[in-house]
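Subject: Structure for your files

Hello,

Here is the structure we spoke about. Please keep it open while you read the notes under it.

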Amino acid sequence: MKNGENNAFQGLFLNEFDRQLDSQCRISFPSEWRDNSGGGDLVMIPARDRALVMLPLATFLEFVGKAKQFAIANPTLQLAFAYLGANSRQCSCDKQGRIALDRKMLDKIGVENTVKLIGALTHVRICAPGSWQTPDSDDMNRCLDEIQKISDDSGNLAALLGGIMGK
C-alpha cells in the first residue's frame with residue numbers, strides 16, 4: 001500500500017510480464033507487485049516444468065513452519081528440505097525496483113536474456129518466454145474444476161484435501 005491507501009489487491013500477483021535481464025542478471029520487478037511481496041523480501045525456489053517460483057518471505061516461512069513438523073521423522077522430506085535449501089535464493093527489490101536473479105537457476109530453466117513473470121495469485125512463476133503456454137481447453141477445464149471444488153466445499157476444506165489425496 002502506498003501512503004496508507006486501502007489496497008484490496010495487496011498480497012496478490014496478477015497479470016504477466018516479459019522482462020529483460022541486465023548485465024548483472026537483474027530485472028525490473030513490476031511496480032504493482034512490489035507492495036505484494038511483504039516488504040520486498042522474496043524467496044526464489046525451483047518448480048516443475050522448467051520454471052522457478054518466487055514467494056513472499058512470509059509465505060515461504062509459513063510453508064516451512066507447516067512442513068518442518070513432518071521432516072524430523074521422514075528421511076525423504078529431509079532430503080527434499082536439503083534440495084530446497086540448496087537450490088533456493090533470497091531476493092529483494094532494490095531502491096529502483098530491481099531484483100537480482102541467480103544465473104545458475106535461470107540456466108537450469110532455459111532463460112537466456114528475457115524472463116516471463118506470471119502472476120499466480122499468491123506467488124510469481126518465472127520461466128523462459130517460450131516455456132509458458134496458456135493451458136489448452138482440457139487443462140483449463142481441469143483447473144476450473146479444481147477452483148470450483150474449493151468454491152463449493154470451502155466450509156469443509158479437510159474433506160476436500162482428503163478427497164484430493166485419496167483418503
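The notes below cover the cores, one strand, the aromatic rings and the largest pocket.

This is a predicted model, in which local features need pLDDT of at least 70 and side-chain atom pairs count only at pLDDT 80 or more, while totals for chains, interfaces and linings use all residues. Residues are numbered from 1 along each chain as its sequence is written, and side-chain values use heavy atoms, with hydrogens and water left out.

Cores. The largest nonpolar core (buried Ala, Val, Leu, Ile, Met, Phe, Trp, Tyr and Cys residues joined through side-chain atoms within 4.5 Å) has 23 residues, and Met-54, Leu-101, Leu-106 and Ile-126 touch the most other members. Two or more residues come from each of β3 (41-47), β4 (51-56), α4 (103-108), β7 (114-119) and β8 (124-127). Helices (H or I, at least four residues) and strands (E, at least two) are DSSP runs, numbered from the N terminus. Another core lies apart from it and holds six residues, among them Val-43, Ile-45, Val-53 and Leu-55. Leaving out residues up to four places away in sequence, the contacts of Ile-126 (heavy atoms within 4.5 Å) include Met-44, Met-54, Ile-109 and Leu-117.

Strand β1. In β1 (residues 16-20), Phe-17 and Arg-19 point to one face and are buried, whereas Glu-16, Asp-18 and Gln-20 point to the other and are not. Buried means under 20% relative accessible area, exposed over 50%, and partly exposed in between (1.4 Å probe, protein chains only). β1 and β7 run antiparallel and are joined by five bridges; strands pair if DSSP finds at least two. Asp-18 stands opposite Lys-116 in β7.

Aromatic rings. There are four aromatic pairs, meaning rings of Phe, Tyr and Trp (its six-membered ring) with centres within 6.5 Å; planes under 30 degrees apart count as stacked, over 60 as edge-to-face and the rest as tilted. Phe-29 and Trp-33 are edge-to-face because their planes are at 65 degrees, with the ring centres 5.7 Å apart. Both residues are buried. Phe-60 and Phe-63 have centres 6.5 Å apart and planes at 45 degrees, so this pair is tilted. Phe-60 is buried at 14% relative accessibility, while Phe-63 is partly exposed at 41%. Phe-13, Phe-17, Phe-29 and Trp-33 form one aromatic cluster.

Pocket. The largest pocket is lined by 22 residues, with Gly-119, Ala-120, Leu-121, His-123 and Cys-143 nearest its centre. A pocket here is an open set of points on a 1 Å grid over the protein atoms alone, where a 1.4 Å probe fits, with protein on both sides within 12 Å along at least five of seven lines; lining residues have an atom within 4 Å of a point. Helix α5 gives the most to this lining, with six residues.

Regards
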